[in-house]
Amino acid sequence: MIKDLSSQFSLLHPLLADIRSVTTQNDRARFRENIELIGQYIGFEISKTLSSREREVTTPLGKAQCKVLASQPVIATILRAGLPLHMGLLRAFPNADNGVLSAYRKHSDETHFEICLQYASCPPLEGRTLILNDPMLATGKSMIAVLRELQAYGTPKETHLVSVIASKQGVEVVEKAFPKVTIWTAAIDTALNDKGYIIPGLGDAGDLAFGCGTHLSSLKTGS
Ligand code: URA
């Protein structure tokens, strides 16, 4: 299932304009803060679908029947671009458990690459609510590789995937491989270029958040 949050105007739209625009996106602190806010807002949308339980609290003047989350989700991210989105989701779910995985594109040439996973740490997922985030759902290859890796941690009760910008193709590929997941995105763009970047997208989310990074493997092959 796809939840395209761009279909109705919300505060997500001006944040997206800010992170896409070449005139504002190069302010790294602002870029990260915008992505954190997007994560927080998407977390709020997801929260409307989660199970709650009653909790009675004592106010200075009486007793109030309140609702709280029935259980804490596990929020997992893909290094390094996922970090600001992850922190935003944690603002929405401050007591969540956390998973951290790393994935990088290992290029055999300019346009061909495979996804390599290097690091994974995650609590058991059996019966839990999993919220896996990656800001750019481009080809869908990283999301699928990470979802497969996470199968070793148990079967979640429900899985929510969060991206800031998704490509139509990426959404289709992930839905085909994992039909039960719900994909939440602030925008869906129509194209991918031959390097697997989303068009118009915003460029490289990891570089914009943290500065240019080169994986050691590409230094070794000289690509
Ligand atoms: N990763 C990015 O940072 N941007 C894209 O467009 C695709 C993958």
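## Notebook: the ligand, its pocket and some buried residues

I began at the ligand, where one of its oxygen atoms is 2.7 Å from a polar backbone atom of Ala205. The protein covers 88% of the 240 Å² of accessible area that the ligand has on its own. I noted that I am working with a predicted model.

**Entry: around the ligand.** I listed the residues around the ligand: Arg105, Met136, Ala138, Gly196, Tyr197, Ile198, Gly203, Asp204 and Ala205. I then looked up two further backbone distances. A ligand oxygen atom lies 2.8 Å from a backbone N or O atom of Ile198. At Gly203, a polar backbone atom is 2.8 Å from a nitrogen atom of the ligand. I also checked the pockets, and the largest pocket is the space that the ligand takes.

**Entry: cis peptide bonds.** I recalled that most peptide bonds are trans. I found a cis bond between Ile199 and Pro200, with omega about 0°. Pro200 is in the loop between β12 (198-199) and α6 (205-210). I found a cis peptide bond from Leu79 to Arg80 as well, with omega near 0°. Arg80 has its place in the loop between β4 (74-79) and α3 (83-92).

**Entry: Gln25.** I looked up where Gln25 sits, and it is in the loop between α1 (12-20) and α2 (28-47). Is Gln25 buried or exposed? Its relative accessibility is 8%, so I counted Gln25 as buried, the cut-off being under 20%. Leaving out residues up to four places away in sequence, Gln25 touches Asp18, Ile19, Arg20, Phe31, Leu202 and Leu208.

**Entry: strand β9.** I picked two residues in this strand. Val162 is in β9, which runs over residues 158-167, and His160 is in β9 too. Val162 has a relative accessible area of 0%, so it is buried. I asked which residues Val162 touches, not counting those up to four places away in sequence. The contacts are Ile42, Ile46, Leu85, Leu89, Ile131, Leu132, Asn133, Asp134, Met143 and Trp184. I also took one C-alpha distance: Val162 and Lys67 are 95 residues apart along the chain and separated by 24 Å.

His160 counts as buried because its relative accessibility is 4%. Its side chain makes a polar contact of 3.0 Å with the side chain of Trp184 and another, of 3.2 Å, with the side chain of Glu158. Setting aside neighbours within four places in sequence, I found His160 in contact with residues including Ile46, Thr49, Leu50, Thr129 and Thr182. From His160 to Thr129 the C-alpha distance is 7.8 Å, with their positions 31 residues apart in sequence.

**Entry: Thr185.** I went on to strand β10 (residues 182-189), where Thr185 lies. Thr185 is at 0% relative accessibility and therefore counts as buried. A polar atom of the Thr185 side chain lies 3.5 Å from the backbone nitrogen of Ala166. Not counting residues up to four places away in sequence, Thr185 touches Ile2, Lys3, Asp4, Leu5, Ser6, Ser163, Val164, Ile165 and Ala166.

**Entry: helix α4.** I ended with α4, residues 141-150. How many of its 10 residues are buried? The count is seven, and I wrote the helix down as mostly covered. The buried residues are Ser142, Met143, Ile144, Ala145, Val146, Leu147 and Leu150. Met143 had come up before, among the contacts of Val162.

Conventions
Residues are numbered from 1 along each chain as its sequence is written. This is a predicted model: local features need pLDDT of at least 70, side-chain atom pairs count only at pLDDT 80 or more; totals for chains, interfaces and linings use all residues. Side-chain values use heavy atoms; hydrogens and water are left out. Buried means under 20% relative accessible area, exposed over 50%, partly exposed in between (1.4 Å probe, protein chains only). Helices (H or I, at least four residues) and strands (E, at least two) are DSSP runs, numbered from the N terminus. Contact means heavy atoms within 4.5 Å. A residue is near a molecule or strand if one of its heavy atoms lies within 4 Å of it. A polar contact is a pair of N or O atoms within 3.5 Å; within protein, one must be able to donate a hydrogen and the other to accept it, and residues adjacent in sequence count only if both atoms are side-chain atoms. Accessible areas come from the Shrake-Rupley method with a 1.4 Å probe; for residues, only the protein chains shown count as cover. On a 1 Å grid over the protein atoms alone, a cavity is a set of points where a 1.4 Å probe fits but cannot get out, and a pocket is an open set with protein on both sides within 12 Å along at least five of seven lines; lining residues have an atom within 4 Å of a point. A molecule sits in a cavity or pocket if more than half of its atoms lie within 2 Å of its grid points.
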